[in-house]
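Colleague: Could you take a close look at one part of this model with me? I would like a connected walk through the side-chain pairings and their surroundings.

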Amino acid sequence: AALPKATILDLSCNNLISLPSDFCSLMHLVKLDLSKNRLQQLPLDFGRLVNLQHLDLLNNRLVTLPVSFAQLKNLKWLDLKDNPLDPVLAKVAGDCLDEKQCKQAAVKVLQHMKAIQSEQDRQRQRKLQAEREMEKKREAEQRAKEAQERELRKREKAEEKERRRREYDAQKAAKQEMEKKTKKETVQARKPASSSRPPQPPRHKHSWSRSVLRVLLFVLLCVLCTLAACKLTELQRQPLCVSVNTLYEDVLAALQNHKTLQNMLQQNSQQ
């Protein structure tokens, strides 16, 4: 790592088990020999070595290659012989028995790793899409739940308002009924008081007064008839008529003694 501009590095025959992550900072490497070691895997960011053209991994313990291997776009030579490779990868890499086969191995392995990378990218995209859809579904469910809760609160509020309105109407109706009942009781209470002065007594009194008046008029008429009969007929010499005439003259004399009546009588006499 202290030699970042190194272009050729030979680490063959060193019994290396692994490479540190800082190894991938040697981005200027063009040729790298890691043959005859005990490497079980390469660093995950091995693809950072973008200038690498020649790679020898002969006789290691590699089973797979990191997906970032597909980024080695300048790789032109590759040897993967004598590794316990995955059967598919081993078939793609071939034997690399000569220069041509090693060049073909580089091309085919890069294509294979790019296909794997693309498939992983697609899987990642599908996973992300599924996660987004799941998130959208959760958001939609949450919105539906919130809308349902809002609708429920709105319905409860409307029901509470309706209940209060019914209570108010019931109280108003009860109040009106009470006022009506009180008014009716007041009217009924006033009715006996007014009926305590029934029109019958005045009618009886009036009919009684009329009866008395009729009797008085009848008596007066009888007196006048008697007086006229005693004054104008031959009955005036009868003892009853003599008494009546005497009483009439006495009453007339008594009335004439009263000054007021005398004046009235004088005016009547003059008339």
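How many aromatic pairs does the count come to?

Modeller: Happy to help, and please keep in mind that this is a predicted model. The count comes to one aromatic pair. The partners are F46 and F69, and their rings are stacked, with 6.2 Å from centre to centre and 5° between the planes. F46 sits in the loop between strand 2 (31–33) and strand 3, whereas F69 sits in the loop between strand 3 and strand 4, so the pair ties together parts that are 23 residues apart in sequence. As for solvent, both F46 and F69 are buried. The angle of 5° falls under the 30 degrees that count as stacked.

From the ring pair we can step to P66, which is in contact with F46. P66 lies in the loop between strand 3 and strand 4, the loop that also holds F69. Is P66 buried or exposed? P66 has a relative accessible area of 8%, so it counts as buried. Leaving aside neighbours within four places in sequence, P66 touches L42, P43 and L44 besides F46, and M113 as well. The contact with M113 spans 47 residues in sequence, while the C-alpha atoms of P66 and M113 are 8.4 Å apart in space.

R61 belongs to this loop too, between strand 3 (54–56) and strand 4 (77–79). Here the setting is partly exposed, because R61 has 42% relative accessibility. Not counting residues up to four places away in sequence, R61 touches R38, L39 and Q40, and also N83 and P84. For one of these contacts there is a backbone distance: the C-alpha atoms of R61 and L39 are separated by 5.4 Å, although the two residues are 22 apart along the chain.

Now to the charged side chains. Side chains of opposite charge can pair when their charged atoms come close. A search of the whole structure finds 13 salt bridges. One of them joins the side chains of K81 and D79, at 2.9 Å from N to O. D79 falls within strand 4 (77–79), and this residue is buried because its relative accessible area is 4%.

Helix 2 (residues 99–195) offers further examples, among them the bridge between R124 and D121. The N to O distance there is 2.6 Å. R124 and D121 are three residues apart in the helix, so about one helical turn separates them. Both ends are partly exposed: R124 has a relative accessible area of 44%, and D121 has 32% relative accessibility.

Further along helix 2, E162 and R165 are likewise three residues apart, about one turn of the helix. Their side chains meet in a salt bridge at 2.4 Å, N to O. E162 counts as partly exposed at 31% relative accessibility, and R165 counts as partly exposed at 42%.

There is also a group to look at beyond the single pairs. E160, R163, R164 and E167 are linked in a network of salt bridges.

To put the picture together for you: the stacked pair of F46 and F69 is buried, and P66, in contact with F46, reaches M113 too. R61, in the loop between strand 3 and strand 4, is partly exposed. Among the salt bridges, K81 pairs with the buried D79, whereas R124 and D121 pair within helix 2, as do E162 and R165.

Technical notes. Residues are numbered from 1 along each chain as its sequence is written. This is a predicted model: local features need pLDDT of at least 70, side-chain atom pairs count only at pLDDT 80 or more; totals for chains, interfaces and linings use all residues. Side-chain values use heavy atoms; hydrogens and water are left out. Helices (H or I, at least four residues) and strands (E, at least two) are DSSP runs, numbered from the N terminus. Buried means under 20% relative accessible area, exposed over 50%, partly exposed in between (1.4 Å probe, protein chains only). Contact means heavy atoms within 4.5 Å. A salt bridge is a side-chain nitrogen of Lys or Arg within 4 Å of a carboxyl oxygen of Asp or Glu. Rings of Phe, Tyr and Trp (its six-membered ring) pair if their centres lie within 6.5 Å; planes under 30 degrees apart count as stacked, over 60 as edge-to-face and the rest as tilted.
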